Amino acid sequence: MKKTTLPSSFLQGHAAKLLAEHLQANSYGSVHILVDENTKKHCLPLLKGNYPVILIKSGEANKSIKTCEKIWSALESQGASRHSLLVNLGGGLLCDLGGFAASVYMRGMAFIHIPTTLIAQGDSCLGGKTGINFLHYKNHLGAFAEPACVILDTAFFTSLPKRELISGYAELLKHGLIAKRSLWKLLEQATLKIEPDLIQKSLACKLAIVRKDPHEKGLRKLLNFGHTIGHAIESAYLRKDQPLLHGEAVAAGIICESYLSYFHGGLSKKAFEAICEKMERFIPLPEVPQTMHRSLLTLMRKDKKNKDKRINFSLLNGIGKASIDHYLDEEAIVASLHFYSSR
Ligand SMILES: NC(=O)c1ccc[n+]([C@@H]2O[C@H](COP(=O)([O-])OP(=O)(O)OC[C@H]3O[C@@H](n4cnc5c(N)ncnc54)[C@H](O)[C@@H]3O)[C@@H](O)[C@H]2O)c1
């Protein structure tokens, strides 16, 4: 990858060529490709090659232990060993799930990510978080595990549905908001043509944080901005069997948590209004009816970052500046939900 600030295991270019080079340089016992029905149809043909495929169903409801069991059974029947490689070809969900399944198969087999959505390329492929949902709580089971390499190719975006692509901007906007004002300013509209440079800028933002705190003991919690409320909204929709796109839930979470940042984090009114305006302009925001507020609070009480039953937030102090460990009472949280629902 040229002129990059990313680790050397991040390769950007033609996925088929980069995968072939990686396989040649490493002698894996066998290679298995994890796909869902969409990446099988649209992305697998771009890889060429003839590897055994493991097919899972797309959708948050399938980010589950049941799907892991299917992956482990398929690896078993395809003769995988702990010297084999699992190639995760898909979005953030598939990479989280495949990374988790690989990290425990025979106490850990190698895996690589070939992310095929904007969220996965611009965010989730970096940082080593893998996991699955459990009892309707987002990413409740998981482990930190690093892929042997990550292959980035914007050619995969050609087949990505417009709604998926647009919602993917939420995580890029978040990176700009918490750490890089210039990235936030650069993102003026959600274009459907994504340049590799934009992916690099977004990942560089995340890397600067993750390098300092790989296992989320402190600073890395900044990356959860928008996610305490966003994950609760995503989980609530999942319970209703009407899954939202992750980026859409995060976009709603960003508005609510910017409201909290305005009242409790030192964000100016002008910046708060600018954030609301840009989020509304970029991403179609989900409805969060008042009748949902109570169940959102119940879900937030289960958030992994909480301590002593208090709900933990990362808040903005300005655009491009944020801080961690704001414990807010439920009244404040409800006020942010009211603001969102009645805007
Ligand atoms: N590990 C992390 O740090 C991290 C960070 C952010 C989000 N996430 C997770 O990522 C998930 C959301 O990411 P996502 O939206 O990429 O997930 P996804 O894997 O669900 O992909 C979204 C949809 O796009 C389809 N798809 C993927 N690539 C395609 C392509 N090139 N062409 C056509 N269709 C394609 C998929 O089949 C799926 O239907 C959530 O589960 C979230 O929790 C993880």
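## A guided look at the model

A polar contact of 2.9 Å links the side chain of Gln 12 to the side chain of Gln 200. That is a good place to start a tour of this structure, which is a predicted model. Gln 12 has a further partner: its side chain reaches the backbone oxygen of Pro 196 at 3.4 Å. In the chain, Gln 12 belongs to strand E1, which covers residues 10-12. Is Gln 12 buried or exposed? With a relative accessible area of 19%, Gln 12 is buried, because the limit for that class is under 20%.

### Around the ligand

Next comes the ligand and its neighbours. The shell around the ligand holds 29 residues, and Asp 36, Glu 60, Thr 116, Thr 117 and Lys 138 come nearest. By type, the residues of this shell split into 12 polar, 10 charged and seven nonpolar.

Where does the ligand lie with respect to domain 1 and domain 2? Domain 1 spans 10-159, while domain 2 is made of 162-188 + 214-341. Both domains give residues to the shell, so the ligand lies between them.

Some of the polar backbone atoms by the ligand can be listed with their distances. Each row gives the distance from an oxygen atom of the ligand to a polar backbone atom of the named residue.

| Residue | Distance to a ligand oxygen atom |
|---|---|
| Gly 91 | 3.5 Å |
| Gly 92 | 2.8 Å |
| Leu 93 | 3.2 Å |

How much of the ligand's accessible area does the protein cover? On its own, the ligand has 860 Å² of accessible area, and the protein covers 91% of that. Helix H2 (37-42), helix H5 (92-104), helix H6 (118-124) and strand E7 (137-144) are the elements that give two or more residues to the shell. Which of the elements gives the most to the shell? That is H5, with four residues.

One residue of H2 deserves a closer look. Lys 41 is placed in helix H2 and is exposed, with a relative accessible area of 61%; the reason for the label is that exposed means over 50%. The C-alpha atom of Lys 41 is 9.6 Å from that of Ser 159, although 118 residues separate the two along the chain.

### The cysteines

How many disulfides does a search of the whole structure find? The search finds zero disulfides. Cys 68 is in no disulfide, and the nearest cysteine sulfur, which belongs to Cys 95, is 13 Å away. Cys 68 is also buried, at a relative accessible area of 0%. Cys 276 is likewise in no disulfide; here the nearest cysteine sulfur is that of Cys 256, at 9.2 Å. Why do these distances rule out a disulfide? A disulfide needs the two cysteine sulfur atoms to lie within 2.5 Å, so neither 13 Å nor 9.2 Å meets the cut-off. Cys 276 is buried too, with a relative accessible area of 12%.

### Two more buried residues

Ser 314 sits in strand E9, which covers residues 311-318. At 1% relative accessibility, Ser 314 counts as buried. What does the side chain of Ser 314 reach? The partner is the backbone oxygen of Lys 221, at 2.7 Å.

Leu 203 is found in helix H10, made of residues 196-212. Its relative accessibility is 0%, and Leu 203 counts as buried. Between the C-alpha atoms of Leu 203 and Gly 90 there are 18 Å, and along the chain these residues are 113 residues apart.

### Two residues with positive phi

Which phi value does Glu 216 have? Glu 216 is not a glycine, yet its phi is positive, at about 55 degrees. The residue lies in the loop between H10 and helix H11 (227-239). Glu 216 counts as partly exposed, with 21% relative accessibility.

Asp 325 is another residue other than glycine with a positive phi, near 60 degrees. Its place is in strand E10, residues 321-328. At 33% relative accessibility, Asp 325 counts as partly exposed, because 33% falls between the limits of under 20% for buried and over 50% for exposed.

How values were computed: Residues are numbered from 1 along each chain as its sequence is written. This is a predicted model: local features need pLDDT of at least 70, side-chain atom pairs count only at pLDDT 80 or more; totals for chains, interfaces and linings use all residues. Side-chain values use heavy atoms; hydrogens and water are left out. A residue is near a molecule or strand if one of its heavy atoms lies within 4 Å of it. A polar contact is a pair of N or O atoms within 3.5 Å; within protein, one must be able to donate a hydrogen and the other to accept it, and residues adjacent in sequence count only if both atoms are side-chain atoms. Accessible areas come from the Shrake-Rupley method with a 1.4 Å probe; for residues, only the protein chains shown count as cover. Ala, Val, Leu, Ile, Met, Phe, Trp, Tyr, Cys and Pro count as nonpolar, Asp, Glu, Lys and Arg as charged, and the others, Gly among them, as polar. Domain bounds come from an automatic or database domain assignment. Buried means under 20% relative accessible area, exposed over 50%, partly exposed in between (1.4 Å probe, protein chains only).
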